Amino acid sequence: MLLGTLMGLLNLRANAWITGVFLVLEIVAIAVVAFLGFGNAQRPASVLVNPTVTDPVEPLSAVTIIAGLAVALFVLQGFTTAVYLSEEMHNPRRTVVRTVLWTLGIGALVVIIPVIAITLGAPDITTLTGGDIAAMVTGWSNTGVGVFVSLSIALAIINAVIVMVIQNSRVLYASARDRAWPEVLNRAFSTVSTRFSSPWVSTLVVGIGGAVLCFVPVETLSGVTSVVVAALYLGVAIATLTGRRGEHRGKPAWRMAGWPVLPVLIALVLLYVVAQQAPLDLLITLGVLVAATVYWVAYLRPRPADRWVVTVPTE
């Protein structure tokens with residue numbers, strides 16, 4: 001986390017090179033895993049459409065798969081990052097939409113192919129559900145390849161940390177620019193480095209805060225994050241339903257295909273996904289939302305003239 005924070009203090013071009021090099025190594029590791037998994041297939045491809053779980057052996061229901069979408073959404077979460085960086089992109093009205101859709105498609109492909117290979121190549125269902133990819137790779141090949149895959153997984157985590165620090169620091173910076181905090185915090189969070197053009201105070205706050213959260217049990221972190229991501233996309237689905245009404249009706253923007261059926265379907269599925277999450281994770285997320293609502297009601301709403309003044313930057 002601290003290393004990713006230091007990387008986040010650099011400008012976006014430098015970070016693009018760093019994360020790009022890491023990404024190449026990750027893709028090589030993914031290709032190795034896929035090749036070994038398909039080359040050591042232990043079960044027929046029919047398990048992909050008729051999956052089973054063990055102890056006792058029984059079919060894996062569609063309801064169980066849908067309930068697991070919260071984690072699956074988190075796996076593919078990165079495709080939205082281009083939206084947060086739109087103010088630092090050339091011609092964002094065209095490039096953001098194209099980047100989001102291409103990233104989603106490529107990311108899904110990069111995830112699905114090795115997952116299929118691992119599903120077919122795992123020596124047994126217990127090993128598959130255990131998720132120790134490096135051990136499976138070592139069993140298919142040798143220790144050296146297993147170590148390479150383990151290091152590539154570590155690089156993927158570092159890459160994700162760098163991207164999320166950059167993304168969330170921009171969110172904090174934008175909130176200060178739009179005067180969402182008391183004035184002393186607005187000045188601090190909106191400070192931009194003259195050398196690297198990065199919001200360095202916001203980056204440090206986000207990065208150090210993330211480092212502190214590393215001491216929270218990982219089950220709690222992953223559970224709450226899954227709930228938050230599912231709730232986020234639920235909010236996006238609802239906003240999509242209302243986004244073509246009123247003052248937004250005539251705005252030039254990318255139009256979702258399948259509207260309004262698609263966002264309604266997504267909202268219903270995500271409501272079910274959220275309802276299936278652990279009560280503690282739901283309570284923690286609810287607590288954050290309540291605190292944010294209280295802050296808006298008590299501090300922001302009474303000050304519409306000089307707080308939360310949202311601006312739209314020019315092209």
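**Exercise 1.** In this predicted model, decide whether arginine 179 is buried, partly exposed or exposed, then describe its setting and backbone.

*Solution.* Start with the relative accessibility of arginine 179, which is 34%. Next, recall the cut-offs: buried means under 20%, exposed means over 50%, and partly exposed lies in between. Arginine 179 therefore counts as partly exposed. Now place the residue: arginine 179 sits in the loop between helix 9 and helix 10 (183–189). Finally, look at the backbone, where phi of arginine 179 is near 60°, a positive value in a residue other than glycine.

**Exercise 2.** Find out where serine 197 lies and what its phi is.

*Solution.* Go first to the loop between helix 10 and helix 11 (200–213), where you will find serine 197. Then read off its torsion: phi of serine 197 is near 60°, and this positive value belongs to a residue other than glycine.

**Exercise 3.** Work out which residues make the nonpolar surface patch and which elements give two or more residues to it.

*Solution.* Begin with the members: Val83, Tyr84, Val171, Leu232 and Val236 form a patch of about 370 Å². Two or more of these residues come from each of helix 5 (81–84) and helix 12 (218–242). Then turn to valine 171, which belongs to helix 9 (residues 143–177). With a relative accessibility of 38%, valine 171 counts as partly exposed.

**Exercise 4.** Characterise the peptide bond between tryptophan 259 and proline 260, and locate proline 260.

*Solution.* Check omega first: at about 0°, the bond joining tryptophan 259 and proline 260 is cis. As for location, proline 260 is in the loop between helix 12 and helix 13 (261–275).

Methods:
Residues are numbered from 1 along each chain as its sequence is written. This is a predicted model: local features need pLDDT of at least 70, side-chain atom pairs count only at pLDDT 80 or more; totals for chains, interfaces and linings use all residues. Side-chain values use heavy atoms; hydrogens and water are left out. Patches are made of residues with over 30% relative accessible area and no salt bridge: like charges are joined within 9 Å, nonpolar side chains (Val, Leu, Ile, Met, Phe, Trp, Tyr) within 5 Å. Accessible areas come from the Shrake-Rupley method with a 1.4 Å probe; for residues, only the protein chains shown count as cover. A salt bridge is a side-chain nitrogen of Lys or Arg within 4 Å of a carboxyl oxygen of Asp or Glu. Helices (H or I, at least four residues) and strands (E, at least two) are DSSP runs, numbered from the N terminus. Buried means under 20% relative accessible area, exposed over 50%, partly exposed in between (1.4 Å probe, protein chains only).
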